[in-house]
There are 2 protein chains.
Amino acid sequence: MLDINEAQKQILEATPVLGRVSVHILDSLRRVLAQDIEVTEDFPASDISAMDGYAVRHTSLHSVSRQMPVYLRIIGESPAGRPCGASVRDGEAVRIMTGGLVPEGADTVVRLEDTAEDSGYVICTNDPGRGDGIRFRGESLREGEVVLRAGDLISPVEVGVLATLRRAYVYVHQKPLVAIFSTGDELTDFHDPASPWKPMCSNLYALAAQVLESGAVPLCLGVVKDDLEAQKSMLSDALRADVIITSGGLSKGKYDLVRKSFASFGMDMRFSNIFVKPGKPMIFGTIGRKLVFGLPGNPSAAMLSFEQFIKPAFLKLMGHQDADAFHGRSYSRDHLNGASLIDSFAHGNAGNHGHHRASLVPMGRPSPANGRSGQKQKAVDCSKPGRSERVTH
Amino acid sequence: MLDINEAQKQILEATPVLGRVSVHILDSLRRVLAQDIEVTEDFPASDISAMDGYAVRHTSLHSVSRQMPVYLRIIGESPAGRPCGASVRDGEAVRIMTGGLVPEGADTVVRLEDTAEDSGYVICTNDPGRGDGIRFRGESLREGEVVLRAGDLISPVEVGVLATLRRAYVYVHQKPLVAIFSTGDELTDFHDPASPWKPMCSNLYALAAQVLESGAVPLCLGVVKDDLEAQKSMLSDALRADVIITSGGLSKGKYDLVRKSFASFGMDMRFSNIFVKPGKPMIFGTIGRKLVFGLPGNPSAAMLSFEQFIKPAFLKLMGHQDADAFHGRSYSRDHLNGASLIDSFAHGNAGNHGHHRASLVPMGRPSPANGRSGQKQKAVDCSKPGRSERVTH
């Protein structure tokens, strides 16, 4: 027997970290940096003004006060974005904009609001202190400093930092390609004719949606019959992916088929708990560096297994270093509210989950006072395993 | 004067809800349903088995017990996915799979685990009760019931429900197209030559990333000079979008230009707080049904204003009905941890935010014990307005 934490641990141990890929910074959102970002110049690159005002020599402001204003002659202007040729001496000032280069000779910026202009002179009435109003070269960052590290998750803030550093492209970890297929003679897909006896392979789409939400790339391969050759052919197609997820085929009558088709591709079965109760049936194995997950046909059990076992593996594949996320703590009850809502539709899809009577899930819109998911939550609780659930080796 | 809540309220009042668009269910993730989803057939469509076992008449099990087993003749099989022709009488049984149609005459399914087979007979040793093991037609859902409603947010569970109901496409609310541009002679973009005096228009990319994270579609129009004709031409281009966001141009020297260019397109200025302290400068107006936001050039102030004022509007545009999200409560401090990290780089971009001295933000990797964002959070606090911040009308 293997408890959930141990099963998660085994999965993560078998999970590689995918290599890097170069993407535009706007495509790097929610992905993990695969390189350190080093600053290649000082920030700011020169002494610049932190405000609109006047660049002066501090000595010009000696004993200034509201009662004893100082008149400084304006000898030029330093807008943002281009160097100012002027050199400031005692008794002189340069009109300066936020971001403008502090001209030679000046060591202080007096803010616009504390001044007045009159006939080519600026009237100063206070001394802000030497060096005030200036952001000195390298004050924020020195050339060579590392501002972002491999392993950092990219949010809009990091995108802004990268843009500031003129990095249009960055290396991030690749997204896993995830092949998904459902097994079962009785299942149909959108392109098959509808039949009252043949349920839709809804797990295919629910799992693909979970894959998308995890930041990975789903490859929906469709439905495969309960036939060895068909399953081998499907699996052969699925092997181009980094991860293979199957849904269904874990019941007593079908498992042998699934096991054989996996074995024919040399799968190393890491664990399987499919005939043990209580517990959701699931198998995990590897084919080379590829991960193979066999999930139950029951929709909420499949979705829950995804959250508990597969999503942490995806995070590792994509370079996430957060150990909390790895061990399935990212799984939240809220996330799957209403998963059993699908179960109640998915007739013929209950798999090993069968003994409970499917109960009517009331799905009228809850009143705002009750909260939106009140009913759904109640319905799903019965199918949620506790942390003490065990998985068999 | 206008406080933040009142400003948010005014913005939302001016914000329309966008129309609907038909998308594949996998493209509907995280979007808001724009139609009710009504069930078009009973679920299950017939009486089906909830487990693998034997379909029998309950009367055949009269007084059965472990000591007094009953032998029932197996007259056929009902796999999932196709109807079974057999009709069950007393003393007979049909082998049935999970999801298989309950054959005529049968009213109970005995689970496989409680039986044994012997020479064409099934041996039953217990009575599960009449009706057990069966999911009756319409038990989960009746034709005509509404299972999902306009306004529901699509998560993987809803995708599964829609697939189960054979809905490949659904109507969801459209995503807003959001034009973004930065104003400032001194700014450069990736396609301009680098210059130590010309900072990157990093806000363009940070805001585009925020737009993407909100589920909307950014249209990065680039940088525009401090020139009326250039700004009018840029704005004319931006008018194909649903929302226009500008960054910069709110300082004393430049605002008149921005105001004139907006006015030339008939903008109805709803509020502006650009020369009032304390508070982040911002303007909000409408051109027809389009929303226009003027944000400050200071990076963390721009990002914060986005979270507080623009994101709630986006949620409304995209059909979200959650009032909490509308009133900016979606804004979290964590979300912008480290935003001031950009400020420290963005020389020449401090806008009206100028008086504080940009301080050195230590950006070495925090130790795991301290949490990743410890330093960043400290740095950003000084630029965060409290809830009591006021915006001037």
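**Two helices and three domains in chain A**

Modeller: In this predicted model, the axes of helix α1 (residues 4-13) and helix α6 (residues 299-317) of chain A come within 9 Å and cross at roughly 35°. Residues are numbered from 1 along each chain as its sequence is written, and chains are lettered from A. Local features need pLDDT of at least 70 and side-chain atom pairs 80 or more, while totals for chains, interfaces and linings use all residues.

Biologist: What makes α1(A) a helix, and what is an axis here?

Modeller: A helix is a DSSP run of H or I with at least four residues, a strand a run of E with at least two, numbered from the N terminus. An axis is a line fitted to C-alpha atoms, for helices over the stretch in contact, and angles run from 0 to 180 degrees between N-to-C directions.

Biologist: Which residues of α1(A) and α6(A) make the contact?

Modeller: On α1(A) they include A:Ile4 and A:Leu12, and on α6(A) A:Phe309 and A:Lys316 are among them. Contact means C-beta atoms, placed from the backbone, within 7 Å.

Biologist: How many domains is chain A divided into, and where do they run?

Modeller: Domain 1 covers 2-17 + 176-391, domain 2 covers 20-40 + 144-173 and domain 3 covers 48-135. The bounds come from an automatic or database domain assignment.

Biologist: How many residues of domain 1 are in contact with domain 2 in chain A?

Modeller: Six, and they meet six residues of domain 2.

Biologist: What share of chain A is buried?

Modeller: Buried residues make up 50% of its 393 residues; each has 20 or more other C-beta atoms within 10 Å of its own, placed from the backbone. Chain A also has nine helices and 20 strands.

Terms used:
A residue is buried if 20 or more other C-beta atoms lie within 10 Å of its own, exposed if 12 or fewer, and partly exposed in between; C-beta atoms are placed from the backbone. Two residues are in contact if their C-beta atoms, placed from the backbone, lie within 7 Å.
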